[in-house]
Amino acid sequence: MRGGLRTRQGEEEEESAFVSMTDMTVSFLFIVILLLAYFASKYNDQNMVPRADYDVVVQQRDEANREVMRLQTLVNQYETTIEELHRSVDAKQKEIDELQREIAQLRQELEKLRKVDPLETYLALSAIERRRILETLQRQLKIDFPDLQVVISEENDALRFQGDGLFASGSPSLRPDRRTIVETLATRLAQILPCYTLGNRSSWKVDCNPANAVIEALQIEGHTDSTGEFTPNLTLSTERANNTFFTIIGKSPELVEFFNFRQQPVLSVAGYGEMRPVKDNSTKEGRDTNRRVDLRIIMYTPSKSEEIERIRDALSSGLLPGEAK
């Protein structure tokens, strides 16, 4: 009896506890519902974004992100270009620095050139005058004798006549039909020398000799090729030079009266045989060139600048150094 009573009492206690838990759960849910109802009452429909607007904003955001990425790519490219330009600028700056150094050197050299040595200037102008004399003679002879083989030497100091053009092969005598060439040369020399020499026949003018150049020697040179023996060749070349000289002074005897600054006649003769070839004697062309007569002009070379004024005075007066005015 007592056992049944205890069982019944236990069941009633369990049922009472279950009811209490249920009530609490229901109460909690009720409170949650009240809170949801409160928040729902506070919610404003105006804060809602329409789907279409949302999609537009998302699209604009994506486009902006893509534009940012594009711009970032451009920035990277520009940064690379800027780095390359910096390197190029550095290289150009080095070139500029080098050019500035060269300019500085050129300015130094220019300053040196401005301080021209009168002696060097005189010698340079004398060389120019010699070239002008040779070109004048060559031009005049070419006009008179178009088929004449006469050239100016590579050193610009002599007129070069083909040997076989004036002399028969192996002969020391001028060919009769070529004597006129030498006589014409004598006439041309008589016209030119007065402006470049001293003595009674001197006739210097600024327009014909602005450099105040003086001829030291007007040398008639005979040359042969290497064919044959040395001594006969030397003799032949000397005889040809002598015969040319005699023909010249026979036509214009006054040529021996033109003097240099050393009071010596400028006209002179020399025979060199085969000793001064200008081409290779192993070829026919070379031998033909080496058989020649040269009219070489040697200009007076003062040893110091102080002589230049004396040369000018001597040319303007026509007197030899030491002669009384």
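**Exercise 1. Determine how much space the largest cavity holds, which residues line it, and how that lining divides by class.**

Solution. The largest cavity contains about 60 Å³ of space. The model under study is a predicted one. A search for cavities of 30 Å³ or more returns 1 in the structure.

Step 1: list the lining. The residues around the largest cavity are Phe161, Leu166, Val182, Leu185, Ile220, Thr244, Ile248, Val293 and Leu295.

Step 2: assign the lining to elements. At least two lining residues come from each of H5, helix H6 (230–251) and E5.

Step 3: sort by class. The lining of the largest cavity comprises 8 nonpolar residues, 1 polar residue and no charged residue.

**Exercise 2. Establish how strand E2 is paired, and with which strands.**

Solution. Step 1: locate E2 and its burial. Strand E2 covers residues 158–162, and 4 of its 5 residues are buried.

Step 2: examine the pairing with E1. Strand E1 (residues 150–152) pairs with E2 in the antiparallel sense, over 3 bridges. In this pairing Val151 faces Arg160 of E2.

Step 3: examine the connection. E1 and E2 make up a hairpin, with 5 residues between the two strands. Within the turn, Asn156 has a positive phi of about 60 degrees.

Step 4: examine the pairing with E5. Strand E5 (residues 292–299) is also antiparallel to E2, and 5 bridges join the two. Here Arg160 stands opposite Asp294 of E5.

Result: E2 pairs with E1 and with E5, and Arg160 has Val151 opposite it in one pairing and Asp294 opposite it in the other.

**Exercise 3. Characterise the largest pocket by volume, lining and class.**

Solution. Step 1: the volume of the largest pocket is about 210 Å³.

Step 2: its lining consists of Arg132, Ile133, Thr136, Gln140, Gln191, Ile192, Pro194, Cys195, Tyr196, Ser203 and Cys208.

Step 3: helix H3 (118–144) and helix H5 (179–192) each contribute at least two of these residues. The largest share, 4 residues, belongs to H3.

Step 4: the class count is 6 nonpolar, 4 polar and 1 charged.

**Exercise 4. Repeat the analysis for the second largest pocket.**

Solution. Step 1: the second largest pocket encloses about 160 Å³ of space.

Step 2: its lining is formed by Gln149, Val150, Val151, Ile152, Ser153, Glu154, Arg160, Phe161, Gln162, Lys279, Thr289 and Arg292.

Step 3: E1 and E2 each supply at least two lining residues. Val151 and Arg160, which belong to this lining, also face one another in the pairing of E1 with E2. Phe161 appears in the lining of this pocket and in that of the largest cavity.

Step 4: by class there are 4 nonpolar, 4 polar and 4 charged residues.

**Exercise 5. Summarise the protein as a whole: its elements, burial, contacts and surface.**

Solution. Step 1: the protein has 8 helices and 5 strands. Read from the N terminus, their order is α-α-α-β-β-α-α-β-α-β-α-β-α.

Step 2: the protein has 325 residues, and 30% of them count as buried. The cut-off for burial is a relative accessible area under 20%.

Step 3: take the contacts between residues at least 6 apart in sequence; 73% of these join residues at least 24 apart.

Step 4: the accessible surface amounts to about 21400 Å², with 56% belonging to carbon and sulfur atoms.

Conventions. Residues are numbered from 1 along each chain as its sequence is written. This is a predicted model: local features need pLDDT of at least 70, side-chain atom pairs count only at pLDDT 80 or more; totals for chains, interfaces and linings use all residues. Side-chain values use heavy atoms; hydrogens and water are left out. Buried means under 20% relative accessible area, exposed over 50%, partly exposed in between (1.4 Å probe, protein chains only). Contact means heavy atoms within 4.5 Å. Accessible areas come from the Shrake-Rupley method with a 1.4 Å probe; for residues, only the protein chains shown count as cover. Two strands pair if DSSP finds at least two bridges between them. On a 1 Å grid over the protein atoms alone, a cavity is a set of points where a 1.4 Å probe fits but cannot get out, and a pocket is an open set with protein on both sides within 12 Å along at least five of seven lines; lining residues have an atom within 4 Å of a point. Grid points are joined across faces, edges and corners, and a volume is the space filled by probe spheres set on the points. Ala, Val, Leu, Ile, Met, Phe, Trp, Tyr, Cys and Pro count as nonpolar, Asp, Glu, Lys and Arg as charged, and the others, Gly among them, as polar.
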